[in-house]
Number of protein chains: 2
Amino acid sequence: SISFSRPPSEKKSFEVIKCLCVCLCEPDRELVRVQDLTPEKADQLIWLRARVHTSRAKGKQCFLVLRQQQFNVQALVAVGDCASKQMVKFAANITKESIVDVEASVRKVEQKIESCSQQDVELHIERIFVISQAEPRLPLQLEDAVRPDGEGEEEGRATVNQDTKLDNRVIDLRTTTSQAIFRLQSGVCQLFRDTLTHKGFVEIQTPKIISAASEGGANVFTVSYFKTSAYLAQSPQLYKQMCICADFDKVFCVGPVFRAEDSNTHRHLTEFVGLDIEMAFNYHYHEVIDSITDTMVQIFKGLRDNFQTEIQTVNKQFPSEPFKFLEPTLRLEYTEGVAMLREAGVEMGDEDDLSTPNEKLLGRLVKEKYDTDFYVLDKYPLAVRPFYTMPDPNNAKYSNSYDMFMRGEEILSGAQRIHDAQLLTERATHHQIDLEKIKSYVDSFRFGAPPHGGGGIGLERVCMLYLGLHNVRQTSMFPRDPKRLTP
Amino acid sequence: SISFSRPPSEKKSFEVIKCLCVCLCEPDRELVRVQDLTPEKADQLIWLRARVHTSRAKGKQCFLVLRQQQFNVQALVAVGDCASKQMVKFAANITKESIVDVEASVRKVEQKIESCSQQDVELHIERIFVISQAEPRLPLQLEDAVRPDGEGEEEGRATVNQDTKLDNRVIDLRTTTSQAIFRLQSGVCQLFRDTLTHKGFVEIQTPKIISAASEGGANVFTVSYFKTSAYLAQSPQLYKQMCICADFDKVFCVGPVFRAEDSNTHRHLTEFVGLDIEMAFNYHYHEVIDSITDTMVQIFKGLRDNFQTEIQTVNKQFPSEPFKFLEPTLRLEYTEGVAMLREAGVEMGDEDDLSTPNEKLLGRLVKEKYDTDFYVLDKYPLAVRPFYTMPDPNNAKYSNSYDMFMRGEEILSGAQRIHDAQLLTERATHHQIDLEKIKSYVDSFRFGAPPHGGGGIGLERVCMLYLGLHNVRQTSMFPRDPKRLTP
């Protein structure tokens with residue numbers, strides 16, 4: 001019962017194409033992109049494939065706005081030389097979000113069309129074919145989904161709440177805001193990899209199904225694996241470190257990491273994308289910090305220089321200050337951070353961990369004092385870091401570990417790792433970790449291991465904080481949290 | 001009980017560095033790379049960090065081979081001006097695979113050192129420090145792990161079986177063969193992404209934890225997810241298609257895919273890396289085939305032009321013919337393939353699927369006739385493809401789907417997908433698939449969907465077959481199969 005109707009003949013001027021296989025065999029027909037519709041194309045007859053963004057019939061005319069991603073153009077079907085009454089009626093009945101092919105002549109307009117990205121031209125449609133029909137009732141309206149909070153409230157205009165957006169992600173992702181966010185995210189990944197490849201890092205692929213939870217088994221998802229069970233990796237750390245012990249020298253990987261944490265906050269996901277780095281160093285773990293901060297700076301510069309359109313598109317809906325950073329990156333010691341907090345009235349002990357509110361407050365204090373949205377906090381108290389963290393050789397209360405922050409929120413946690421099996425065993429014992437469970441981890445260091453360190457960056461957090469957004473679900477295409485597994 | 005001994009003073013000339021934190025603070029000391037040790041450096045005094053590859057004491061001398069990845073150099077500690085008896089003894093006792101820092105003068109040699117990558121120079125060591133000590137008994141010897149099968153059998157020399165290699169992957173990955181394989185793999189990923197980015201594709205990140213198994217639930221791993229259960233994605237296909245329906249136009253992703261298939265063969269893994277492509281097309285799904293085959297050709301050319309050293313290194317242990325490909329890529333129709341097989345004596349029906357032996361045989365026949373190791377088999381019988389495959393509009397027995405082969409083995413399966421909710425429902429019903437389970441998949445196409453197609457490439461298979469290897473575990477850093485979950 002597959003309907004194979006014929007391709008549109010050269011005679012028909014409007015039709016719903018039922019040939020679902022689309023083998024129209026129109027090799028000569030070149031499709032123009034909406035963004036290329038400029039006055040230079042005036043009076044040309046062109047073909048275009050686009051979505052019907054809006055449609056408004058008015059007497060013998062039908063005005064359409066045709067959209068491709070963030071670009072749109074006004075188009076007109078008018079009774080006259082090139083369109084019949086029936087064709088205007090046909091056009092007026094095309095549902096929003098349907099995909100159409102149109103043949104049209106490009107016309108310069110007297111007055112700029114403020115509501116479209118292509119402001120200097122409009123299209124006079126001569127033929128129109130529906131390639132894919134959208135159902136008439138959309139679960140959300142694109143113009144509502146991009147409306148800034150509070151705007152249009154007086155006129156009773158709707159905004160769309162986040163769950164409705166996420167439930168109907170395939171439509172929500174069509175908005176200019178979503179298109180911009182995820183094009184920028186693609187840029188973050190590319191800048192991360194290009195910078196590291198340029199620095200001599202090798203990309204690795206690490207397994208996500210693992211036999212033992214390296215950090216003791218909390219917050220880990222269990223997988224049934226044939227007749228046994230396994231876990232989902234909470235980070236690629238062990239594998240990155242094995243690659244360093246296997247002489248790859250400097251490695252990175254980009255991939256999913258899984259946290260079975262029942263945290264329902266604006267910044268936690270149960271599955272997110274880790275941008276992970278690990279490298280051997282020569283004399284000081286600050287070589288690692290320098291490599292990571294320089295990579296971040298290259299990402300910030302690349303976004304600033306190549307993604308201004310996307311940044312401004314997102315800002316229209318979600319206004320925020322431009323992201324500020326220093327070169328070289330500001331590095332504060334933990335004790336300095338604690339001192340700044342105490343000066344601001346916070347009471348905390350030397351070896352206490354930073355609470356989330358204190359992290360944010362410190363971010364504001366650092367911004368005021370140093371005018372940067374990105375900094376490193378170095379030398380965390382040993383007590384608050386994982387067992388594999390290298391202690392500070394000069395002060396056993398502290399460690400060679402660091403977090404990095406964007407707009408006051410943590411985006412990376414990292415450290416020099418213990419590369420000596422004996423010390424690693426001592427520290428694991430101190431943390432009361434079952435040595436049997438971490439045996440293969442410890443054994444990786446028994447056959448010569450260079451001093452090394454690294455860290456893991458959360459991609460969604462970097463995008464959220466760079467853009468000044470307030471929920472990590474906005475920068476995850478299909479977010480996963482304790483309450484959301486679909487779409 | 002952390003041992004913080006002092007950094008090596010300028011006076012000591014040999015020592016095991018117990019300062020595990022390595023904050024030697026030697027900012028002026030530049031470490032030279034082994035590959036840069038050429039006659040131009042003759043008579044210079046240099047510092048080097050490397051592994052002790054082999055060590056041989058002979059009277060008042062100790063010969064070491066020092067290694068960094070695939071490069072190595074001969075080094076000598078000899079009693080005389082710059083070394084004491086104790087130092088020679090110290091050097092002779094350093095275990096293989098330990099990491100050392102040496103200060104040495106570079107000397108030109110009269111006769112080429114055939115056993116080392118740096119054949120024209122040797123190092124005369126003046127100071128030597130052990131940075132990380134390897135345990136004396138290695139679970140495998142690197143020289144055994146790279147020995148070609150059969151070589152040295154008469155002398156009783158060992159080779160290392162695959163399970164021993166994989167059990168001790170951190171050492172096995174140090175071999176020249178492994179280093180070359182995984183550097184080439186890193187190159188495949190980079191070439192894949194760069195080619196597609198250049199073509200205007202956007203990189204996406206898709207979730208691996210999903211709520212429903214889109215293809216009915218066979219071969220899928222179950223994850224316990226808080227109070228419910230979920231699955232590991234067998235492919236990112238639904239999400240790629242949703243991105244197409246969400247106007248991203250052309251997308252790719254690189255990430256793990258999971259198959260709970262109890263297949264213990266040379267080419268199946270339970271977790272592998274998928275290089276996935278999906279794109280909207282204008283008039284014919286061959287636009288998709290052309291994009292994918294051109295991407296593969298760019299990968300093949302990039303490997304041929306930029307990874308000759310790696311290819312030849314692997315060939316030393318695993319000899320194979322250079323990989324051949326045509327431009328444009330050869331595309332055969334399924335019926336042509338069946339005809340070639342029948343001519344070679346195979347009995348099969350028009351709509352039968354290809355068995356693995358027949359795929360390999362067809363690969364040999366194609367190689368003989370067309371002199372290519374890479375080709376596309378197009379228009380598979382509709383009956384052997386998944387329900388979402390677009391039927392051929394001209395012959396309902398066939399479909400707009402294709403596989404791609406390297407050296408006679410499948411590396412990609414792809415198709416034009418059905419983009420119409422109604423036709424998709426009909427085809428799912430025909431396949432007796434529970435419509436309730438695929439509701440969200442089908443609903444993705446209700447609000448306007450462009451014609452589109454794509455495919456998924458197995459990274460490990462591409463590397464294995466390009467290099468002419470015979471087991472996919474050789475091209476997976478930490479392979480997962482029904483019997484292996486570690487390391």
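The legends below describe several close-up views of a predicted model with chains A and B.

Residues are numbered from 1 along each chain as its sequence is written, and chains are lettered from A and ligands numbered from 1 in the order in which they are written. In this predicted model local features need pLDDT of at least 70, side-chain atom pairs count only at pLDDT 80 or more, and totals for chains, interfaces and linings use all residues, while side-chain values use heavy atoms, with hydrogens and water left out.

**View 1. Confidence of the prediction in chain A.** The model as a whole scores ipTM 0.95 and pTM 0.95. The average pLDDT (the predictor's confidence in each residue, from 0 to 100) of chain A is 93, and 95% of its residues score at least 70. Over residues 1-6 of chain A, however, pLDDT stays under 50, and for this stretch the model has 14 contacts (heavy atoms within 4.5 Å) beyond four places in sequence.

**View 2. The axis relating chains A and B.** Chain A is superposed on chain B, with an RMSD of 0.0 Å, by a rotation of 180° with 0.0 Å of shift along its axis; the superposition is by least squares on the C-alpha atoms of residues with pLDDT of at least 70 in both copies. The two copies are therefore related as by a two-fold rotation axis. The C-alpha of chain A nearest this axis belongs to A:V223, at 2.2 Å from it. Because 99% of the interface residues of chain A are also interface residues in chain B, the copies meet through the same surface.

**View 3. The eight-stranded sheet of chain A.** Helices (H or I, at least four residues) and strands (E, at least two) are DSSP runs, numbered from the N terminus, and two strands pair if DSSP finds at least two bridges between them. The sheet is open, with mixed pairing and the order β8-β12-β13-β18-β17-β16-β15-β14. At its edges stand β8 (202-203) and β14 (330-333), each with a single partner strand, so one side of each is left without a neighbour in the sheet. Strands β12 (residues 250-258) and β13 (residues 271-280) of chain A are antiparallel and share nine bridges, with A:V254 having A:L275 as its bridge partner in β13(A). Helix α9 (residues 334-343) of chain A lies across β14 and β15 (374-378), running at about 80° to β14(A), where axes are lines fitted to C-alpha atoms, for helices over the stretch in contact, and angles run from 0 to 180 degrees between N-to-C directions.

**View 4. Strand β12 of chain B and its partners.** Eight of the nine residues of β12 (residues 250-258) in chain B are buried, that is, under 20% relative accessible area (exposed is over 50%, partly exposed in between; 1.4 Å probe, protein chains only). Strand β8 (residues 202-203) of chain B pairs with β12(B) in the parallel sense over two bridges, and B:E203 stands opposite B:F252. With β13 (residues 271-280) of chain B the pairing of β12(B) is antiparallel and spans nine bridges, and here B:K250 stands opposite B:M279.

**View 5. The enclosed helix α13 of chain A.** Eight of the eight residues of α13 (residues 459-466) are buried, so the helix is largely enclosed by the rest of the structure. Among them are A:E460, A:R461 and A:C463. The helix is followed by A:G468, whose phi is positive, near 70°.

**View 6. The surroundings of A:C116 and B:C116.** With a disulfide taken as a pair of cysteine sulfur atoms within 2.5 Å, the count over all chains is zero. The sulfur of A:C116 is 14 Å from the closest cysteine sulfur, in A:C62, which is too far for a bond. B:C116 is likewise in no disulfide, the nearest cysteine sulfur being that of B:C62, 14 Å away. A:C116 counts as buried at 3% relative accessibility, and B:C116 counts as buried at 3%.
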